[in-house]
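Hi! Here is the structure I promised to pass on to you. Have a look at it first, and then read my notes below.

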Amino acid sequence: MAPGTGVRKEALLAASEAEDTSADEHGFVHSHLQAWPQQPLQTLLATHCFEACSSDNCQLPLRDAHLRSGWAARSRAVGITVTTIVVTSVISAAVWSTGSNRFLRSHTIMDTSSELWEGGAFLDHQDPCHQYTNLQLVTTEYSNLGHTGPDLTRPEGVSWRVEPDVQSKASVGHKELLVHASATEGYKPFSSALNRMHGKFASINLRGGSAVNLTFTVQDTKSREPVVLPTFSLTFFDLGVDPINNAQMQRVTLNNFWKFFLDEVTEVDVSKHNDGSTTFAAHTYLGSNHAIVDPKLVGTQRSQYAFSVVYRQASEVHCHLRAGPGDKPRLFTFAFSPSVLCPVKTADIRPPLGDLDWKPPLEVPVTAGPGEIFLRWLVQKGDTVRKGDEICSVKSLGGSVETHKAPCDGIVQEMQVSLQAFDQLDARLSEKTLAVIGRFKMNALELPHAGAHVAVAQQRTFFVRYAVKLHDLIRAGTVVAITRDDVGRPVEVRSPVGGLVLKLQQWIAEGDPVELAPDRTLAVIGYLLPLEVQGGE
């Protein structure tokens with residue numbers, strides 16, 4: 001089967017205790033769920049995808065008409081019934097030892113590969129993801145969650161521009177939408193700058209040990225009025241346990257959703273609470289081998305640490321995020337699609353490349369844009385380039401051929417040489433660094449005599465202009481040059497002694513990092529050596 005066709009086989013496991021169940025009009029048996037245990041649901045099935053509903057009257061969606069007709073014809077399915085009871089009994093005995101198996105047996109759908117399984121009979125079936133609205137992230141409109149910035153002049157919250165995929169546009173009725181997240185008071189980010197898109201994922205971060213209540217609202221792009229969608233999906237990725245303190249790094253609590261999905265070999269615990277809400281959290285360490293940055297390219301490991309929820313007739317969704325303890329940012333990464341249910345198979349996708357290391361300010365990255373496809377290199381490693389020289393060509397998200405250019409003069413120090421034509425850069429580069437340009441360093445200013453002194457600039461500042469000229473006579477403390485820090489504040493470079501300005505770093509230009517000058521030396525101050533006088537002169 002071709003990757004992404006999503007043809008599946010599914011099995012409904014009916015409950016066996018008649019006193020704990022009731023049948024709906026389609027002949028399906030549903031448990032009351034009144035005693036869903038507080039304990040986590042561990043790995044629910046050893047080898048199958050898990051789908052569950054959140055309410056007592058949960059029904060399978062319309063795509064399961066084949067299942068309904070099969071179950072309605074029970075008079076022709078004695079063998080099917082026996083098979084179902086045997087499967088139910090085996091799973092119940094292996095996974096559950098108490099009455100908590102009511103939920104598993106009445107609301108589990110097993111995904112076993114490429115066809116719909118109905119009581120032992122295989123039926124062709126369309127992609128199950130087509131019935132769910134899939135909103136693809138386009139860009140972050142602004143980010144000011146909890147009035148913490150970085151866009152402090154914009155209204156509270158984070159707004160993402162999204163596009164329904166091809167299958168969703170007809171039911172949604174909009175070419176573009178906004179999804180807006182707002183926070184309650186007391187939101188404590190580790191860094192508000194991290195509240196943005198990472199590849200094609202959205203991300204919100206919290207300080208360790210803090211929590212926040214969020215409201216997601218689907219809005220019209222022009223009027224900002226709420227838009228009710230037939231289904232609205234959320235997938236949270238990269239849940240895990242901190243390897244240092246062994247505490248859960250992220251806990252996500254939601255309510256009033258229609259159903260949720262877990263990977264066939266999940267590491268996510270699911271806990272139901274008395275107030276009707278449900279908490280999702282992982283119980284093992286995620287590791288670092290998960291650098292796919294497109295929700296539709298969910299690898300095996302990443303899917304095990306993710307979950308998807310689906311809402312019906314929704315324009316607003318509430319959730320509670322709680323960050324585990326620790327001194328690092330706790331990232332909550334998500335997409336507005338049922339990615340656990342609908343991933344593209346990644347068997348034929350080339351694996352992500354390792355990130356290129358670079359050290360600012362002497363090394364500058366050449367970075368890819370969102371959704372780009374690599375075409376070819378236009379330079380080789382070790383080449384000398386000037387600012388504006390073409391480094392490589394790519395196909396943009398809009399379909400045009402564009403080039404990435406050198407951000408400064410220098411030498412091509414590093415390149416992602418393993419990139420091949422038509423590689424999807426979102427999938428192959430986690431940090432989008434295509435190449436690294438090493439800036440040219442200037443020659444050191446030599447001291448003409450032992451009594452000379454130097455004026456040294458502060459680290460991590462950028463040159464603006466000189467305040468003196470060569471051979472000026474200056475006092476100690478005179479401002480020799482003006483630099484600025486990374487937020488634009490002026491930083492003065494003063495002479496440590498009085499004397500003559502003997503040398504200046506003439507090749508430094510406005511905007512250059514002062515580290516281009518060896519030892520950050522911008523000027524030499526001393527005195528003129530006396531002229532030798534010959535006899536009779």
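**What I found**

Among contacts in the protein chain between residues at least 6 apart in sequence, 72% join residues at least 24 apart. The chain has six helices and 33 strands, and buried residues make up 50% of its 537 residues.

One thing to keep in mind: this is a predicted model. The mean pLDDT of the protein chain is 75, with 69% of the residues at 70 or more. Over residues 1–50 the pLDDT is below 50, though this stretch still has 171 contacts in the model beyond near neighbours in sequence. Residues 54–126 also stay under 50, and there the model has 170 contacts beyond four places in sequence.

Now for the sheet. Eight strands make an open sheet with antiparallel pairing, and their order is E6-E7-E8-E11-E18-E13-E16-E15. Strand E6 (135–144) and strand E15 (268–272) are at the edges with a single partner strand each, so one side of each has no neighbour in the sheet. From one strand to the next, the twist averages 25°.

Let's zoom in on E16. Which strands does E16 pair with? On one side there is E15: E15 and E16 (residues 278–282) pair in the antiparallel sense over five bridges. Within that pairing, Val 270 has Phe 280 as its bridge partner, and Ser 271 has Thr 279. E15 and E16 also form a hairpin with five residues between them, and Gly 276 in the turn has a positive phi of about 95°. E13 is joined to E16 as well, by three bridges, and those two run antiparallel. Here the bridge partner of Val 252 is, once again, Phe 280.

Are the residues of E16 buried or exposed? Five of its five residues are buried. Thr 278, Phe 280 and Ala 282 point one way from the strand, while Thr 279 and Ala 281 point the other way. This fits a general pattern: in a regular strand the side chains alternate between the two faces of the sheet.

Phe 280 also leads us to the aromatic rings. The structure holds 18 aromatic pairs. Phe 216 and Phe 334 form one that is edge-to-face, at 5.5 Å centre to centre and with 75° between the planes. That pair links distant parts of the chain: Phe 216 is in strand E11 (residues 211–219) and Phe 334 in strand E19 (residues 330–335), 118 residues apart. Phe 216 and Phe 334 are both buried.

What about the rings of Phe 257 and Phe 280? Their centres are 6.2 Å apart and their planes are at 50°, so this pair counts as tilted. Phe 257 is in the loop between strand E13 (250–254) and strand E14 (259–262), and Phe 280 in E16 is 23 residues away from it. Both of these rings belong to buried residues.

If you follow the ring pairs further, they link a cluster that includes Trp 160, Phe 216, Phe 257, Phe 280, Tyr 311 and Phe 334. So when you open the model, try picking out Phe 280: this residue is a bridge partner of Val 270 and of Val 252, and its ring is part of that cluster.

One last detail concerns Lys 259, whose charged end sits over the ring of Trp 258, 4.2 Å from the ring centre.

Have fun exploring!

Definitions and conventions. Residues are numbered from 1 along each chain as its sequence is written. This is a predicted model: local features need pLDDT of at least 70, side-chain atom pairs count only at pLDDT 80 or more; totals for chains, interfaces and linings use all residues. Side-chain values use heavy atoms; hydrogens and water are left out. pLDDT is the predictor's confidence in each residue, from 0 to 100. Contact means heavy atoms within 4.5 Å. Two strands pair if DSSP finds at least two bridges between them. Helices (H or I, at least four residues) and strands (E, at least two) are DSSP runs, numbered from the N terminus. Axes are lines fitted to C-alpha atoms, for helices over the stretch in contact, and angles run from 0 to 180 degrees between N-to-C directions. Rings of Phe, Tyr and Trp (its six-membered ring) pair if their centres lie within 6.5 Å; planes under 30 degrees apart count as stacked, over 60 as edge-to-face and the rest as tilted. Buried means under 20% relative accessible area, exposed over 50%, partly exposed in between (1.4 Å probe, protein chains only). A charge sits over a ring if NZ of Lys or CZ of Arg is within 6 Å of the ring centre and within 35 degrees of the ring normal.
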